[in-house]
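This report describes the fold, the strand pairing and the charged pairs of one protein chain. The sequence and the structure are shown first.

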Amino acid sequence: MELENKLKEVDTRTLEQAIAKVITDATGWDYACTIKNIHYENTGMAEIRLTLETTDWLMPKQD
């Protein structure tokens, strides 16, 4: 299987959830991720344009 096809097999929603989890774990705030565009290269690389969003800053944390 060609490398660029292996990347294309990954579901976009799965990538969004994984990225959001990493950012959420790193910051402690709940983040959502939306992938806007994926450009696949023929070298097994992908250029991804995404948006990270949180509304946690609107709500004070309760201790």
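Residues 24 or more positions apart supply 35% of the contacts in the protein that have a separation of 6 or more. The model in which these contacts were counted is a predicted one. Its secondary structure consists of two helices and two strands, and from the N terminus the order of the elements is α-α-β-β. The chain has 63 residues, of which 14% count as buried. The accessible surface comes to about 5,100 Å², and carbon and sulfur atoms hold 53% of that area.

**The strand pair**

Strand β1 covers residues 31–40 and pairs with β2 in the antiparallel sense, over nine bridges. Strand β2 itself comprises residues 46–54. Together, β1 and β2 make a hairpin with five residues between them. In that turn, Gly44 has a positive phi of about 85°. Two of the bridge pairs can be named: Thr34 has Thr51 as its bridge partner in β2, and His39 has Glu47 as its partner in the β2 strand.

Arg49 also belongs to strand β2. Leaving aside residues up to four places away in sequence, Arg49 touches Thr34, Ile35, Lys36 and Asn37. Arg49 and Thr34 are 15 residues apart along the chain, and their C-alpha atoms are separated by 8.8 Å. Despite these contacts, Arg49 is exposed, because its relative accessible area of 59% lies over the 50% limit for that class.

The surface also carries a nonpolar patch, formed by Ile48, Leu50 and Leu52, with about 210 Å² of accessible area together. Leu52 is found in strand β2. Its relative accessibility is 36%, so Leu52 counts as partly exposed, a class that lies between the limits of 20% and 50%.

**The salt bridges**

The structure holds two salt bridges. They are set out below.

| Salt bridge | N to O distance |
|---|---|
| Glu16 and Arg13 | 3.0 Å |
| Asp25 and Lys21 | 2.7 Å |

Helix α2, which spans residues 12–27, contains both Glu16 and Arg13. These two residues are three positions apart, about one turn of the helix. Asp25 and Lys21 likewise both lie in helix α2, with a spacing of four residues, about one turn of the helix.

How are the residues of these pairs placed with respect to the surface, buried or exposed? Glu16 is buried, because its relative accessible area is 9% and the buried class takes values under 20%. Its partner Arg13 is partly exposed, with a relative accessible area of 44%. In the other pair, Asp25 is exposed, with a relative accessible area of 54%. The salt bridge between Glu16 and Arg13 thus joins a buried residue to a partly exposed one.

Note on methods:
Residues numbered from 1 in each chain as written. Predicted model: local features only at pLDDT ≥ 70, side-chain atom pairs only at ≥ 80, totals over all residues. Heavy atoms only, no water. Buried < 20%, exposed > 50% of the residue type's maximum accessible area, 1.4 Å probe, protein only. Contact = heavy atoms within 4.5 Å. Areas by Shrake-Rupley, 256 points an atom, 1.4 Å probe, with all protein chains shown as cover. Pairing = 2+ DSSP bridges. Patch = residues over 30% accessible without salt bridge, like charges linked within 9 Å, V, L, I, M, F, W, Y side chains within 5 Å. Salt bridge = Lys/Arg side-chain N within 4 Å of Asp/Glu carboxyl O.
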